[in-house]
Amino acid sequence: MRDFRVWCPDMGQKAKDGRTLAARDFQGAAAEWGRIHDIATKKFTILKGRPEVVMVQEIGKHEYEPLRLKVFGESVPAYSARFV
């Protein structure tokens with residue numbers, strides 16, 4: 001796992017406002033940001049089909065250039081069964 005800073009310029013955020021998240025890669029950090037954002041706002045706009053563009057920057061010994069990613073969500077029905 002690596003540390004990433006994620007922020008959304010369309011929401012008026014700058015790098016200093018970014019959330020630090022641990023993830024395997026840039027995509028994982030962006031997806032986790034989307035999950036947290038949807039839960040925090042309780043509107044689930046990403047899950048309902050309104051993607052967000054975020055900036056993701058790896059945090060380490062050096063300040064790497066941030067990459068721009070689009071976060072999508074999808075609602076997937078899940079079913080299970082148990083013995084009665």
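1. Start with the surroundings of Glu52. Leaving aside residues up to four places away in sequence, Glu52 touches Cys8, Met11, Trp33, Ile46, Leu69, Lys70 and Val71. Keep in mind that this is a predicted model. Glu52 sits in strand 3, which covers residues 52–59. Its relative accessible area is 4%, so Glu52 counts as buried. Its side chain still has a polar partner: a polar contact of 3.0 Å links it to the side chain of Arg50. If you are going to look at one acidic side chain in this model, here is a candidate with both its burial and its polar partner spelled out.

2. Glu58 is another acidic residue in strand 3. Is Glu58 buried or exposed? Its relative accessibility is 18%, and the cut-off for buried is under 20%, so Glu58 goes down as buried. Its side chain makes a polar contact of 3.0 Å with the side chain of Arg2. Arg2 also turns up among the residues Glu58 touches, alongside Asp3, Phe4, Phe26 and Tyr64, again not counting residues up to four places away in sequence.

3. Val56 belongs to strand 3 as well. With a relative accessible area of 0%, Val56 is buried. Which residues does Val56 touch, once those up to four places away in sequence are set aside? The list is Phe4, Arg5, Val6, Phe26, Ala29, Ala30, Glu65, Pro66, Leu67 and Leu69. Phe26, Ala29 and Ala30 in that list fall within helix 1, residues 26–41, while Leu67 and Leu69 fall within strand 4, residues 67–71. For a distance check, take Ile39: the C-alpha atoms of Val56 and Ile39 are 19 Å apart, with their positions 17 residues apart in sequence.

4. Now Ile46, which is in the loop between helix 1 and strand 3. Despite the loop address, Ile46 counts as buried at 3% relative accessibility. Residues up to four places away in sequence aside, Ile46 touches Trp33, Gly34, His37, Asp38, Glu52, Val71, Phe72 and Gly73. Glu52 from point 1 is thus on the list for Ile46, and Ile46 is on the list for Glu52. Trp33 and Val71 appear for Ile46 and for Glu52 too.

5. Ile46 also gives two handy C-alpha distances to the stretch near the C-terminal side of strand 4. Ile46 and Glu74 are 28 residues apart in sequence and 7.9 Å apart in space. Ile46 and Ser75 are 29 residues apart in sequence, with 9.9 Å between their C-alpha atoms. Glu74 itself is in the segment after strand 4, and at 62% relative accessibility Glu74 counts as exposed. That makes a pair with opposite labels: Ile46 buried, Glu74 exposed.

6. The same loop holds a couple of backbone angles to check. Lys42, in the loop between helix 1 and strand 3, is not a glycine but has a positive phi of about 60°. Phe44 lies in that loop too, and its phi is near 50°, again positive in a residue other than glycine. How exposed are they? Lys42 counts as exposed at 69% relative accessibility, whereas Phe44 is partly exposed, with a relative accessible area of 33%.

7. Stepping back to the whole chain: it has one helix and four strands, in the order β-β-α-β-β from the N terminus. Of the contacts between residues at least 6 apart in sequence, 43% join residues at least 24 apart. Strand 3, home to Glu52, Val56 and Glu58, comes after the helix in that order.

8. On overall dimensions, the radius of gyration is 15 Å, where a compact globule of 84 residues would come out near 12 Å. The C-alpha atoms fill a box of roughly 55 × 25 × 20 Å along the principal axes. I'd keep both values at hand when judging the shape.

9. Last, surface and charge. Of the 84 residues, 31% count as buried. The chain exposes about 6400 Å², and carbon and sulfur atoms supply 52% of that. There are 15 positive and 11 negative charges, and their mean positions are 5 Å apart.

Methods:
Residues are numbered from 1 along each chain as its sequence is written. This is a predicted model: local features need pLDDT of at least 70, side-chain atom pairs count only at pLDDT 80 or more; totals for chains, interfaces and linings use all residues. Side-chain values use heavy atoms; hydrogens and water are left out. Helices (H or I, at least four residues) and strands (E, at least two) are DSSP runs, numbered from the N terminus. The radius of gyration is taken over C-alpha atoms; the globule rule is 2.2 Å times the number of residues to the power 0.38. Buried means under 20% relative accessible area, exposed over 50%, partly exposed in between (1.4 Å probe, protein chains only). Contact means heavy atoms within 4.5 Å. Accessible areas come from the Shrake-Rupley method with a 1.4 Å probe; for residues, only the protein chains shown count as cover. Lys and Arg count as positive and Asp and Glu as negative; His and the chain ends are not counted. The place of a charge is taken as NZ of Lys, CZ of Arg, CG of Asp or CD of Glu. A polar contact is a pair of N or O atoms within 3.5 Å; within protein, one must be able to donate a hydrogen and the other to accept it, and residues adjacent in sequence count only if both atoms are side-chain atoms.
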